Amino acid sequence: MNAALSIMIFDENRIRAAIIEEGLREAGHTHVVVLHDIVGLARQIEIIGPDVIVIDIETPNRDMLEHLFQLTRSVRKPIAMFVDRSDSLSIEAAVEAGVSAYVVDGLRKERVKPILDMAVSRFKAFSRLQQELADAKSALEERKIIDRAKGILMKSRKLTEDEAYALLRQTAMNEKKKLADIAQSVVMAAAILGS
Amino acid sequence: MSFIPTGIDQHKSGLTAPATIRTESAKLVRAGFIPLVDAAVLIAASEFGFAAREGIQIDLVKDVSWANIRDRLAFRQFDIAHMLAPMPVASALGLGSNPSPAIAPFMLGRGGNAITLSVELYRRMQEKAGLAGHEDALTNAKALKLVIEEMRAKGEALPVLGMTYPFSSHNYELRYWLSAGGLHPEEDVKLVVVPPPMTSDALSAGAIDGFCVGAPWNMVAVSREVGRIVAVKEDIWPSSPEKVIGARPEWAEQNPETLSRLIVALDRAAAWCDVSDNRRELAQILAEPRYLDVPFDILHRVLVGQFTTDPNGTERTVPEYFTFHRQGANFPWISQAQWIFSQMVRWGQVAYSLEAHRQVASAFRPDLYRNALGSRADIPVTDVRIEGNAEDDVFIDGATFDPEDIRGYVASFPIRNTGSGTTNQSDV
């Protein structure tokens with residue numbers, strides 16, 4: 001009963017899959033297989049016979065897996081996660097994080113739960129990371145545009161850098177707009193007016 | 001707050017009279033759906049005020065797979081969902097990876113599916129069987145048989161055909177069409193699941209050679225010049241069950257009033273969807289990114305039944321390709337749940353037993369439909385009938401289905417799963 005669990009991760013997002021894989025290995029799981037492509041998935045499942053399959057809830061390929069499980073003659077049919085529904089908080093957390101999973105019927109819940117909890121927290125961490133990356137990108141874009149606006153003002157209004165920045169900020173406050181939006185307008189106006 | 005029946009007059013006038021004015025806040029119903037044209041009644045109920053008139057606010061949530069729909073209904077994230085008619089039947093039988101009970105008190109209309117083959121495969125059928133292009137669905141199936149016999153003789157790989165879900169009308173319709181033409185769906189072709197939005201890509205990449213899915217994906221494949229429509233749902237069995245509104249039984253029990261009002265709202269929305277003058281507006285709303293995100297033109301042509309079946313411009317008109325309300329299109333016949341069961345038995349998904357036969361009857365709930373809508377001329381008074389027995393409702397092979405004799409019905413098909421045959425279904 002204490003044999004190592006075999007875990008399969010199916011996620012078309014390679015980075016996220018790698019993050020989950022790493023987490024599982026850190027937690028001492030040695031039988032972890034990662035697949036990114038639907039092609040060959042059926043054969044892999046047949047060969048490996050995983051106890052747990054972790055899958056991205058946003059992939060329409062779940063229906064393909066359902067078909068596969070329906071055809072399998074094996075006794076160890078996989079069932080959707082938490083079919084006993086006693087743990088609604090975990091289910092909610094999983095769906096919100098975008099995780100879905102299949103677990104071989106009969107496997108004790110205590111053995112599976114840490115794996116799913118791990119997948120959920122790594123999925124969440126990944127989304128957070130993506131959001132931070134997007135934020136950082138847009139912050140960088142904003143800085144660039146503000147610098148350009150400052151340059152335009154310094155040249156056309158003969159201001160120092162500090163004065164140009166103060167003017168932008170004052171205008172933003174007066175107009176109740178974001179500094180970057182005002183800077184964007186300055187850059188656009190300069191482009192149109194050819195100054 | 002009590003549900004006040006909307007009365008006979010309103011039933012007669014149909015759509016104009018609003019329901020009782022309600023002062024209490026609208027009851028929220030969370031509904032999952034898959035972006036397909038047959039979600040139209042649910043979407044129309046929400047978008048065109050039919051739900052609001054009944055004091056209901058439908059919170060529509062788009063999803064990507066039937067497995068998600070099933071699980072999120074089971075895990076109480078949805079109250080109701082747009083579902084394949086065989087899904088509640090499968091659950092009642094304990095089939096699938098999460099057989100959580102679901103009931104179907106309302107059918108979302110008739111029609112919508114079609115079978116499309118790759119242009120290449122169809123051209124070969126034309127050559128082999130001398131098809132001109134306007135042949136009926138059965139002739140097309142027989143032509144496919146000739147080509148497959150040739151493929152076998154030459155040692156070529158057999159065609160791979162896609163459908164949407166193991167417990168889907170598409171699975172059973174595709175199998176019905178193939179076997180009517182003399183082909184064994186488990187020996188002469190390979191069946192795989194392909195999510196509907198991916199069917200055109202899979203076809204053009206050569207991963208599949210054909211598919212059976214709902215609208216608009218067949219038309220999309222033709223417009224992309226990769227597919228050729230060879231049969232529509234009407235050709236196989238016009239009144240065959242398609243999508244339903246599925247609900248969790250305990251939600252239905254705890255919210256009888258909301259469910260009743262919802263059925264009234266869906267009934268009005270379905271009648272509205274059937275008016276041909278409304279189909280343009282319907283296509284416009286369905287085309288929006290939050291719903292189907294498919295070009296308006298394709299949706300409109302699908303809704304009015306104007307098909308281009310072949311990239312060469314061959315046209316076909318199927319005026320009743322979608323029937324949302326007429327002909328009792330929303331009535332959940334228990335005999336149709338039993339027909340689905342018969343196909344599950346036919347293809348070895350479940351063994352026949354009297355107990356199973358009884359369980360199936362609990363999946364469709366005509367009693368809830370009647371409770372909500374009262375007695376009306378167009379609402380049947382019985383729950384069971386012989387299917388395929390009306391002049392305008394015949395099966396492609398002319399068979400009729402008597403729900404009293406499911407075993408005899410299954411045994412009458414020369415092509416079926418006998419439990420021993422080879423299966424080439426498992427690898428993808």
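## A first look at chains A and B

Let's start with one pair of residues: Val29(B) has Ile58(B) as its bridge partner in strand E2(B). This is a predicted model, so everything below describes a prediction.

**The strands of chain B**

That pair belongs to a longer match. Strand E1 (residues 27-33) and strand E2 (residues 56-62) of chain B run parallel and are paired over 7 bridges. E1(B) also has parallel company in strand E3 (residues 80-84) of chain B, with 2 bridges between them. Here Gly32(B) is matched with Ala81(B) of E3(B).

Follow E3(B) onward and you get to strand E11 (residues 243-247) of chain B. E3(B) and E11(B) pair in the antiparallel sense, over 5 bridges, and one of the partnerships is Leu84(B) with Lys243(B). E11(B) is also joined to strand E4 (residues 103-107) of chain B, again antiparallel, by 3 bridges. In that pairing, Ile103(B) has Ala247(B) as its partner in E11(B).

Here are the four pairings together:

| Strands | Sense | Bridges |
|---|---|---|
| E1(B) and E2(B) | parallel | 7 bridges |
| E1(B) and E3(B) | parallel | 2 bridges |
| E3(B) and E11(B) | antiparallel | 5 bridges |
| E4(B) and E11(B) | antiparallel | 3 bridges |

How many residues of E11(B) are buried? The count is 5 of its 5 residues. Lys243(B), Ile245(B) and Ala247(B) point one way from the strand, while Val244(B) and Gly246(B) point the other way, and all of them are buried.

**Chain B as a whole**

Zooming out, chain B has 19 helices and 14 strands. Its C-alpha atoms fill a box of roughly 70 × 50 × 40 Å along the principal axes. A compact globule of 428 residues would have a radius of gyration near 22 Å, and chain B, at 21 Å, agrees with that. Of the 428 residues in chain B, 55% are buried. Among contacts in chain B with a separation of 6 or more, 76% are between residues 24 or more positions apart.

**The nonpolar cores**

In soluble globular proteins, nonpolar side chains tend to be buried together. In this model, the largest nonpolar core has 170 residues, and Val41(B) and Trp177(B) have the most contacts inside it. Helix H13 (residues 256-274) of chain B gives the most to this core, with 11 residues. What does Val41(B) touch, beyond its neighbours within four places in sequence? Its contacts are Leu108(B), Gly109(B), Leu266(B), Ala269(B), Ala270(B), Cys273(B) and Phe324(B). There is also a second, separate core of 8 residues, which includes Ala149(A), Ala164(A), Ala183(A) and Val186(A).

**Where the chains meet**

The contact between the two chains takes 24 residues from chain A and 22 residues from chain B. On the chain A side, the elements giving two or more residues are helix H2 (41-48), helix H3 (62-71), strand E4 (78-80) and helix H4 (88-97). H3(A) gives the most, with 8 residues. By class, this side of chain A has 14 nonpolar, 4 polar and 6 charged residues.

**An annotated spot in chain A**

One last stop is Asp56(A), which an unreviewed UniProt entry annotates as "modified residue: 4-aspartylphosphate". It is found in strand E3 (residues 52-56) of chain A. Is Asp56(A) buried or exposed? Asp56(A) counts as buried because 20 other C-beta atoms lie within 10 Å. Leaving aside neighbours within four places in sequence, Asp56(A) is in contact with Asp11(A), Glu12(A), Asn13(A) and Gly98(A).

Conventions:
Residues are numbered from 1 along each chain as its sequence is written. Chains are lettered from A and ligands numbered from 1 in the order in which they are written. This is a predicted model: local features need pLDDT of at least 70, side-chain atom pairs count only at pLDDT 80 or more; totals for chains, interfaces and linings use all residues. Helices (H or I, at least four residues) and strands (E, at least two) are DSSP runs, numbered from the N terminus. The radius of gyration is taken over C-alpha atoms; the globule rule is 2.2 Å times the number of residues to the power 0.38. A residue is buried if 20 or more other C-beta atoms lie within 10 Å of its own, exposed if 12 or fewer, and partly exposed in between; C-beta atoms are placed from the backbone. Two residues are in contact if their C-beta atoms, placed from the backbone, lie within 7 Å. Ala, Val, Leu, Ile, Met, Phe, Trp, Tyr, Cys and Pro count as nonpolar, Asp, Glu, Lys and Arg as charged, and the others, Gly among them, as polar. A nonpolar core is a set of buried Ala, Val, Leu, Ile, Met, Phe, Trp, Tyr and Cys residues joined through C-beta atoms within 7 Å. Two strands pair if DSSP finds at least two bridges between them. UniProt positions are given in the numbering used here, feature names are shortened, and annotations may be inferred rather than shown by experiment.
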